[in-house]
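Let's take a walk through the inside of this protein together. Keep the structure open beside you as you read.

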Amino acid sequence: MKIVALAGGVGGAKLVDGLAKLLPPEDLSIIVNTGDDFDHLGLRICPDLDTVCYTLAGLSNPETGWGRSGDTWNCLAAIRELAGPDWFHLGDGDVGTHLVRTFRLGHGEPLSAIVSSFCVSWGIQVKVLPMTDERVSTQILTQDGNQLDFQEYFVRLLCQPAVKAIIFDGADSAEPAPGVLEAIDLADFIIFCPSNPWVSINPILSIPGIRERVIKKKVVAISPIIGGKTIKGPAAKMYQEFGITPSALAVARHYEGIIEGFIFDITDHDLKVDIERLVKKACATNTIMLDSDSRKKLAQEVLKFCLEL
Ligand code: FO1
């Protein structure tokens, strides 16, 4: 059974880690959001790609979900000493990743080739694909009239500004990275990971060609909203700011017309009847991934659900 998973950062990384433990490597491809990517201190940072790769490689920091486990912070301390921009926390080992990536991009290598070579170095066997090799930048337009780069909004301003609109700058003219459309075409199922629909899954679908190919397939989404809240990140707050009550039902509506199957947390089982009106099949289960076992358990549920669809 060939699976293509669309993923953002921490939530997506946990589910694909579970899937990678169950599927033969040739049967799993992960298309990762790169709208969060930005330049910081001259380095190209690709947070979601790194989070997915570190997680698959068993290198991720279990406390934060991003960055590397056991990393040290000497570089950040030196940046701070010089009154440099220290709001974005780069661990020493993580800086190594950004240095090599920036160096190789500077020599004209495409991002997808660099990711693929990093995966070999880290022993990752599944295919990890950036959504595009081109620069697409998620921009947050705030209700008080500012335009912010995603990481400025997310990390520096702690998601405090109310969001008016979200733009994927550069998406209109971007092309899917090599292998993306081929993976989708070969997939038996597409899975939308429990990532933020607005800023993790939407940017991937905004790359011309991806949405058109995805909707031809059987698509299953997992809700990142549990009991009206998110485990991490601003998805629930964004729904609210767009005038939508955040809930698993709101997520199912968000993806209406694209998905056939929807998995949501057991906490929200009372929404099942309403959700079933929107999709072919719905399932309420435990979607909270606290450890490696629960990642695998949810991945198992997702695969079983796909086969029953
Ligand atoms: N998230 C934070 O909340 N604070 C940070 O300082 C931070 C640094 C960071 C460095 C490298 C990296 O790959 C990710 C990092 N993240 C940090 C996470 C990142 O901002 C988000 O997880 C994603 O962009 C949202 O999916």
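In this predicted model, helix α5 (111–122) gives the most to the lining of the largest cavity, with four residues. Helix α2 also takes part, since α2 and α5 each supply at least two residues there. The full lining consists of L49, D50, C53, R101, I114, V115, F118 and W122. By character, six of these residues are nonpolar, none is polar and two are charged.

How many cavities of 30 Å³ or more does the structure hold? There are two, and here they are side by side:

| Cavity | Volume | Lining by character |
|---|---|---|
| Largest | about 50 Å³ | six nonpolar, no polar, two charged |
| Second largest | about 30 Å³ | two nonpolar, four polar, three charged |

The second largest cavity has N61, T64, W66, G67, R68, D71, W73, G91 and D94 around it.

Back to α2, which spans residues 47–56 and is mostly covered: ten of its ten residues are buried. Among them are L49, D50 and C53, residues that also line the largest cavity. Just after this helix, G58 takes a positive phi of about 75°.

Elsewhere, two other helices meet. The axes of α1 (residues 10–22) and α13 (residues 292–308) come within 8 Å and cross at roughly 75°, which means α1 is roughly perpendicular to α13. From α1, the contact uses K14, L15, D17, G18, L19, K21 and L22, while α13 contributes S292, R295, K296, L298, A299, Q300, V302 and L303. Sorted by character, the residues of this contact are seven nonpolar, three polar and five charged.

Terms used: Residues numbered from 1 in each chain as written. Predicted model: local features only at pLDDT ≥ 70, side-chain atom pairs only at ≥ 80, totals over all residues. Heavy atoms only, no water. Buried < 20%, exposed > 50% of the residue type's maximum accessible area, 1.4 Å probe, protein only. Axes fitted to C-alpha atoms, helices over the stretch in contact; angles between N-to-C directions. Parallel < 35°, antiparallel > 145°, perpendicular 65-115°, else oblique. Contact = heavy atoms within 4.5 Å. Nonpolar A, V, L, I, M, F, W, Y, C, P; charged D, E, K, R; others polar. 1 Å grid on protein atoms, 1.4 Å probe; cavity = no way out; pocket = protein on both sides within 12 Å on 5 of 7 lines; lining within 4 Å. Points joined across faces, edges and corners; volume = space filled by probe spheres on them.
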